[in-house]
Each structure stands twice: as C-alpha cells, then as structure tokens.
Amino acid sequence: MPDRLLKRVAVFGACVALISTTTVASTLESVLERGYLSCGVNTGLPGFSNPDDRGQWSGLDVDVCRAVAAATLKDASKVRFIPLTAKERFTALQSGEIDLLSRNTTWTLTRDASLGLNFAGVSYYDGQGFMVKKELGVKSALELDGAAVCIQSGTTSELNLADYFRANNMAFEPVVFDTTDATTKGFDTGRCDVLTSDQSQLYAVRIRLAKPDSAMVLPEVISKEPLGPVVRQGDDQWFNIVKWSLAVMVNGEEMGLTSANVKAHLNAKDPGIRRLLGVEGPKGKGLGLDDLWSRRILEQVGNYEEVFERNVGSGSPLKIKRGLNALWNDGGILYAPPVR
Amino acid sequence: MGQSHNNVYQRLFRLWRNGDSRPLLMQALVVLVVLLLVVWVVSNTMNNLEHRGISTGFDFLSQEAGFGIIQSLVAYDESHSYGRTFMVGVLNTLLVSSLGIVFATILGFLVGVARLSANWLLARAASVFIETFRNIPLLLQIFFWYFAVLAALPHPRQSLAFGDMLFLNLRGFYLPKPTMEQGLAPVLLSVAVAIVAALVLQAKNRQHRVRTGQGITAMPWLLVAIVVGIPTLVWHFSGATLSVELPQLRGFNFRGGISIIPELGALLLALTIYTAAFIAEVVRAGIESVPKGQKEAAAALGLKPGRVMTLVVIPQAMKVIIPPLTNQYLNLAKNSSLATAIGYPDLVSVFAGTTLNQTGQAVEVIAMTMAVYLTISLSVSLLMNIYNRRVALVER
C-alpha cells in the first residue's frame, strides 16, 4: 500500500510540473493562428474610434489597426475591436487580452518605461486644450481661476491640467469621470465650466453636445500629446511590424500613392515607389511577412492623407486642419523613415 | 535502508488508518497544499511581471501624484504623494459609508415598522417604497439621482440662497465654516468633559432606578443642560472667539466655507434609499419573529403601542435583526465603490482608478484596495457581533 501511495504522489507531482512550464508564442504567430487581430480602441470617440449604429467601427486609430491586419492577415477587415476606458487600457495590453492598443494614447516616459510596453510611433500629433461654453464670456485659459473642470480619469490631461493651473497660480475643482460620454454629459449639464482634453477630442466631443454651437475651444494648447499605437515589450518582431505599417502609410502619401492608384503605379519607374509596393527591395522578409504586405496596406486602407481626411479632416464632421500632422515637406512634422 | 524506508511509510499508514488522527492528517495536508498554491501563484506573478518589464514594489507610494482631487478630508494638492491619495480615498470611502450606514439604518427602521403598521395607507406606501427601490440596480439609481439632482439645481450665478450663509447650486451645497481661533482648546476640552460627565450621570441614574425604582425624571433636560451649559460657561469666561468663514461667489464658483459636492449627495441618497429598502425587510422579519403573545401581554399591562414597540418588541427582535443587518452594512460599504461612475473621489476612483492608471502597478494597487475593503468589512462585522452578544436577550 505505501508503494502505491508513493506512485500516486509521483504522478501528481509530474502533472503539476507540466502545468507550470509555459511556452510563449510570438504575437504574430498567435494572431495568424487566431485568424483576427485583437485591437484595443476607445469606447466611443468620433474621428478616432467610434462605432456607428450598426456596430461598424471607424476612425483614425481604427484604420491603424486595419493597416496592421492588412499587413499580417492579408485582410483589413479581420480585426476584432475591444472598447476600453482610459483606466483599463494598459492592463488589457499587458495581460495579453489585446495585441495592439490603438486608443489615442499619449507617448510618455512613464508609460514607455515602467509598464512593460513600447510605443510604435506617432499616428497623430496633438496638444491639450480647453473647451468652454460661449456664454461664460471667457476668451483665454488664463481667465479660468476657480473653475470646475470636467476631466477623464487616468489620462495625461489630468496631470497637465494640475501643472498648468499650478504654474499660473490658479485654483480649480476637478470633476473626474470614467468615460468620454460621462465627461461630455457633465460638461453639457453644467456640472463644470470647462472641459479639458486633447484638442482633437474637444472637436469630436463638441459634435456630441446638445447645442454644438454653444461651446468654443480656447486658443491655448498647454501640452504636447503625441498619440500612437502601443504594443507589449519583449516582442521586437511585432513592434517592427506595427512601426513600419504606420511608416508605410506616411511614405505612401509622400510618394503620391493612394488606394485608388496603387494598381496604376505597379509598373512605375521610380525605385522608391517600387520598393514601397513590394516589387523590389527588402519586401517582407525581415518582418516575417510576405512580399505584398505594404501594397495591401495602401490598397485596403489608404495612405495617411486619405485616413486623416476621411476620419478627422475635411471628409468628416470634425474638419480638423492638418497643421502639425502634415508632411515634413508640407509645413508639418510627419516624417517617416524610408522603406529600403 | 529498506528498513527505515518502510518505517516512515508504515508510520504514516498507521496514522492514516487511525480514525482519530486521520482528520488531522487530512487537514494538515490541505493546509500544506493551499500554502504551496499561494506560494506558487505569488512567485509566478512576480516572475511574469519582471519578465515583461513591468515595475513592481511599493516605491510608487512616495512619488508625487500630480493630479487634483475635488474633495479631501485631509490637506491635499497635486504635490502630495500617491500614498496621500490613498489616504484621501480611504477617508472619502469611510465618510460616505458611515453616513450611509447611519441614514440607511434610520430610514430602514422607520420604513420597516411602517410596513407593519395598522394604518393601511402607511403600510402600502412603505410596501411600494421597498419593492421599487429593492428591484432597480443600484448603478441606475445612482445615475438617476445624480443627473436628476443636477438637472434640478441652478447655475452658481443663480444659486438658491438661504440668507447670506447657505447656498445651494449645481456645484454643491455651501455652508459657513467655523474656524478655530486661539483659546478654543479649553472650550473643546470642556465639551469632552461635559459629555463624559453626562454619560456617567446617566449610567448612575439607571443603576439607582433599577435598584430602588426611583430615578430623576427630568434626566434628559439635565443631560442637555450639562452638555451645553458647561462649555458655554467656559467659553464665556475664557473669552475665546469663533469666527465663521462664509462662502462667497468669486468668478466661476463659490470659495470658502464647507462645500458638499453633488456627487456625495447623489451617492448618499442612492445608497441610503437602496439599502434602507433591504433593511426594512430585515427589520420586518425581526419584528415578526417575536411571538405575538409578547405584544398582547405588554398591551395588557397598559403600555402604549409606541412603548410596546420600543421596550418589548424591538429588543427581542434585535437578535434576529443584527446578523442580516450586518450583511446590509457590508453591502453598503462595498457598493460605495460605484462612486467611480459619477466621479465621487472614493478609494476605487482615486486610487484603483487614477493612481493605478498613472503608475501602471495594477497588482499592488488592487491588493491594497482589497485589503482596505476587507478591513472595513471585518471591523464592521466584529463590532456588530460584539453588540449582538451584548443585547441578545436569552429566552427560556
């Protein structure tokens, strides 16, 4: 009997030991196996990631996810969007629930260094601003001493707001909400005088107010907010894929390639265009992708200008100007490394 | 070697076979397995966190927080540390929980007794109250009170003013704040002394009445006179001054004075009404558990219905009421974490929300938050159990 007991214990121990060993697949492998890209987006921010009444997602961040899906899974529609609030976005990425976080997230040192995450570039250069009701008669952010300010919890906006008011010796009352919707509602009902967030968000949120014309965005921009996609540390191949997917879209605009004219340019003489379309050059080998990865991005999603204009620019209700987000040779600071 | 091998296993086998020692052996084994499991989980977590480059440890508690909090019972601004935000969150949670418990108990008892009233309208009204507020999810009730309250209140520039001292508007309820000037310390001391003296006098009076059947009938008035009179005399003779800071409309909002933010009001209202509906049913169960003969006997002695309830029925009902009542208190304390939905800066909103997001240290922050709620719940149930043991009437 004691020998049988010993045998049973040994078998149990072996089972436990097997459970403890873990094998980590690379993100690209698990995405290909799963058949879709799991992408973390906003719960609803017009212009960046917003579901319409039929549940279809659209926005600048959404298009970045679609570009990565086009590159890896060959189909830009093979994406599952997971809406996340500002509080849970990093935990979702750290834990592996999502492969890519594309949720108007500001690139900061703390987030890059101590969360185990990497920022794979900047998709939108933004800054923080203030929105007030026109009837207050306020013309500048420096007149906001003592105001109640609506803000979303867990964002860089919360910190920048405190810094700005402290630097200018003004006091304020923070009214903190969880989601963009609740913050907008708080501002609309008059719970607070000011709404502060990234400028692009202010324009997006203004559309949602009961009376959009009653609110104005103040001229002051109080911080730098470079927004970009985020991936986990430790997976350099995936990091490169996301980084270069973004770079392809910007390079596409620089070379004049749009989703409509890709086919026409397949026989172009320009070596830069040929490399970008995967006809020659490094193609997809270093990234672990096939040769047509960059062509698919431009065909199925479009270049940066198309993505910008249809989501936040002249083709959308927000009507934001390119400004900083124009190409480097066009008055802005968008500069992507060359595909070669 | 084979000999000693057999010996150990034979010993264990004998322990297993013995009916007395087997349970102990099993329990020791289970405890060992659970401990091993805990050790494995913790070391696995630490390993994974390090492997992924996520920072660990509690050093973040001394970093500067950098964000503002609208309501704080201790001094707080952006330059304080995350540890301070933890304190602010804990105090705000305790504030809303304790106020909620007090108000919910009062309202719950009233509604519960009303439910059993002989007056048909009162009983039906209480019944409607209970059924409505018990069955709607608390989060919806919180939203309702918050946005209903917000919608009803005026803009600061058109506040409802009561004289020059109280102001009610969208941003809060503003009261004058008494500020401590010099020389107030002896007055406060005298208040404490007066309260202690009153309690002692009350206890002595009760002893005397139990023993001899005679007590001072004007006791309540005497107590009030002591508690109010002694400090007033001390104040008069010490010449201390008490100045009051009035809230004033400056720019956008009122400054100065004490302000009660609408988030606190809405949360308190929702929690109180929701929990009171449950407490009312608990109270009804307790009262109905007291044998009907008790009420009849008390009435036969000539006691009025009010005295019957307070002197005979409820003391006997308390034994049945207190354990479920403790449950409701714990529920209220934990439900207060829904404050995050409307922006009341409680522990979950400030610490497990903003601080967690700014530092990224989810494991440490959530563990601390859980520990706080566990401590609150254990303390409440401990106190209630002590109280229960003291007031439980032993029946034959």
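1. Two residues are taken to be in contact if their C-beta atoms, placed from the backbone, lie within 7 Å. With that cut-off in hand, and bearing in mind that this is a predicted model, one can begin with a pair of helices in chain B. In α11(B), the residues B:Leu347, B:Val348, B:Phe351, B:Ala352, B:Thr355 and B:Leu356 meet a set in α12(B) made up of B:Ala362, B:Val365, B:Ile366, B:Thr369 and B:Val372. Sorted by character, the residues of this contact between α11(B) and α12(B) comprise 9 nonpolar and 2 polar ones, with no charged residue.

2. The geometry of the same pair deserves a separate remark. Two packed helices are described by the angle between their axes and by the distance between those axes. Here α11(B) packs against helix α12 of chain B, which covers residues 362–391, at an angle of about 170°, and the axes are 9 Å apart. Since angles over 145 degrees count as roughly antiparallel, that angle makes α11(B) roughly antiparallel to α12(B).

3. Turning to the contact between the chains, chain A contributes 34 residues and chain B contributes 36 residues. On the side of chain B that touches chain A, at least two residues come from each of α1 (2–17), α5 (138–152), β7 (253–255) and α11 (347–359) of chain B. Of the elements on this side, α11(B) gives the most, with 6 residues. The side of chain B that touches chain A is made up of 15 nonpolar, 16 polar and 5 charged residues.

4. Chain B also holds an open sheet of 4 strands, in the order β1-β2-β3-β8, with antiparallel pairing. Its edge strands are β1 (160–162) and β8 (258–260) of chain B, each of which pairs on one side only. On average, and with direction ignored, neighbouring strands of this sheet are turned by 15° against each other. Within the sheet, strand β2 of chain B (residues 166–169) is joined to strand β3 of chain B (residues 172–175) by 3 bridges in the antiparallel sense, and B:Asn169 stands opposite B:Gly172 in β3(B).

5. As for the domain layout, chain B is divided into domain 1 (2–51), domain 2 (82–181 + 241–391) and domain 3 (182–240). The C-alpha centres of domain 2 and domain 3 of chain B lie 30 Å apart.

6. Chain A has 12 helices and 12 strands, and its C-alpha trace spans about 85 × 70 × 40 Å along the principal axes. Of the 340 residues in chain A, 49% are buried. Among contacts in chain A between residues at least 6 apart in sequence, 73% join residues that are at least 24 apart.

7. Within chain A, strand β5 (residues 100–106) merits attention, because 7 of its 7 residues are buried and the strand is therefore largely enclosed by the rest of the structure. Strand β5(A) pairs in the parallel sense with strand β1 of chain A (residues 37–42) over 2 bridges, and A:Gly40 stands opposite A:Leu101 in β5(A). Strand β5(A) also runs antiparallel to strand β12 of chain A (residues 224–232), to which 3 bridges join it; there the bridge partner of A:Thr106 is A:Leu227 in β12(A). When inspecting side chains, it helps to recall that in a regular strand they alternate between the two faces of the sheet.

Notes:
Residues numbered from 1 in each chain as written. Chains lettered and ligands numbered in written order. Predicted model: local features only at pLDDT ≥ 70, side-chain atom pairs only at ≥ 80, totals over all residues. Buried ≥ 20, exposed ≤ 12 C-beta atoms within 10 Å, placed from the backbone. Pairing = 2+ DSSP bridges. Nonpolar A, V, L, I, M, F, W, Y, C, P; charged D, E, K, R; others polar. Axes fitted to C-alpha atoms, helices over the stretch in contact; angles between N-to-C directions. Parallel < 35°, antiparallel > 145°, perpendicular 65-115°, else oblique. Domains from an automatic or database assignment.
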